[in-house]
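Explain how this model is put together on the inside. The paragraphs below go through its backbone exceptions, its cores, its cavities and its cysteines.

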Amino acid sequence: MPGLRGPSDYSQEPPRHPSLLINSKAPFNAEPPRKKLICSYVTPVDFFYKRNHGPVPVVDNIESYRVSIGGLVGNPTELSLSDIKNLPKHNVTATLQCAGNRRTAMSKIRAVKGVGWDVSAIGNAIWSGTKLADVLELVGIPIFTKTTSSGGKHVEFVSVDMCKEENGGPYKASIPLVHATNPEADVLLAYEMNEEPLNRDHGYPLRVVVPGVIGARSVKWLDSINIIAEECQGFFMQRDYKMFPPSVNWENIDWSTRRPQMDFPVQSAICSLDDVDTMQHGKITVHGYAVSGGGRGVERVDVSFDGGKTWVEASRYQKSGIPYEADDDIVSDKWGWVIFKAEGDVHQNTEIVAKAVDVAANVQPENAAVIWNLRGILNTSWHRVQIHVKDA
């Protein structure tokens, strides 16, 4: 694409914060120390996880950058960044989470394949841009459209980055058209993150943000949008990011038997403590995050200070001074996480456990064994940390 290109090597990578925990250097994948996540409701860009599948694209000339919109539409078009910025601007606070978040813990059950993420492949940001539904109206697709007159049922997003999984081709993914044309789904073509232009790691100059859905569908460095009859046939839609049962292994897997994963399940993690931590006996306060996909609010976070024998309900909040309401998206951000806080007493070595429940009464499973899968995605099991009391 004129103005934006995907390099073939890693010689032009952007700078990153030195405190990031690097899981792979080429492509660059890194997460912040978990305690950074609970310092604020909105995650600073420096501490937002970095997920890449190839060298980070380079903008040579922003004036010549264009996004094409085509496929099964009557009037395909191209839009410059200025054209997109002239459309109504929306701010959406949304949590993005890699489907592989907490994969390392799942790998302790049985080996899995994938980037070894801890609990911080997740972040909450203010995304700004135009709604995809508004953009699609420009090519004759009204809001709430399920199928176009020419048979289009899915919206495919194509990047410019070069991925080995695509044999050097671009990353691509799709979502159903009915999702894309729903203004209340808040799918954005975003050009700002936390009130600043996107940086290169996060998709500059333009990216898709699909709130409530695994991060793999929020395509960065957008090159084209295609209206297609069937879901995208790219690698990351058809041969990755699908949820298989524990009985499936690399010898008997049939990728066609599972749908591409969209919404992420209810999730929580303790961030104020390491997996194994030491403290004096007495009172302890724990903090962490909780979130659920699909815009489902977090109804409750339960914390146990004795390995799951007894539980206390944690307090939840988003914005300072404003009570969090799980089912009220006027006063609360339905796509954003909550930060939770719980207090308890610890007088001997113990295990502290957290589990969240969303407004649909979905609850995290007790252990990772029952949801183990060969790619190690969607580890939403109870989060556990081991506490050693110094004078126990």
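Helices (H or I, at least four residues) and strands (E, at least two) are DSSP runs, numbered from the N terminus. The model is predicted: local features need pLDDT of at least 70 and side-chain atom pairs count only at pLDDT 80 or more, while totals for chains, interfaces and linings use all residues. Residues are numbered from 1 along each chain as its sequence is written, and side-chain values use heavy atoms, with hydrogens and water left out.

Start with the backbone. Pro-205 sits in the loop between strand E13 (196-197) and strand E14 (207-209), and the peptide bond that joins Tyr-204 to Pro-205 is cis, with omega near 10°. Another cis bond runs from Ala-26 to Pro-27, with omega near 5°; Pro-27 belongs to the loop between strand E2 (21-25) and strand E3 (28-31). Trp-221 is not a glycine, yet has a positive phi of about 50°. Its loop lies between E14 and E15, and Trp-221 is buried, at 3% relative accessible area. Here buried means under 20% relative accessible area, exposed over 50%, and partly exposed in between (1.4 Å probe, protein chains only).

Next come the cores. A nonpolar core is a set of buried Ala, Val, Leu, Ile, Met, Phe, Trp, Tyr and Cys residues joined through side-chain atoms within 4.5 Å. The largest one has 60 residues, and Leu-132, Phe-157 and Ile-225 are among those with the most contacts inside it. Strand E15 (residues 222-228) gives the most to this core, with four residues. A second, separate core has 24 residues, including Val-266 and Phe-340.

What empty space is left? Cavities are sought on a 1 Å grid over the protein atoms alone, as sets of points where a 1.4 Å probe fits but cannot get out; lining residues have an atom within 4 Å of a point. Grid points are joined across faces, edges and corners, and a volume is the space filled by probe spheres set on the points. Three cavities of 30 Å³ or more are found, and the largest holds about 270 Å³. Its lining has 22 residues, with Arg-51, Arg-207, Gly-215, Ser-218 and Lys-220 nearest the centre.

Why are there zero disulfides? A disulfide is a pair of cysteine sulfur atoms within 2.5 Å. The sulfur of Cys-98 is 14 Å from the closest cysteine sulfur, in Cys-163, so the two are too far apart for a bond. For Cys-163, the closest is in Cys-232 at 11 Å, also too far for a bond.

Key. On a 1 Å grid over the protein atoms alone, a cavity is a set of points where a 1.4 Å probe fits but cannot get out, and a pocket is an open set with protein on both sides within 12 Å along at least five of seven lines; lining residues have an atom within 4 Å of a point.
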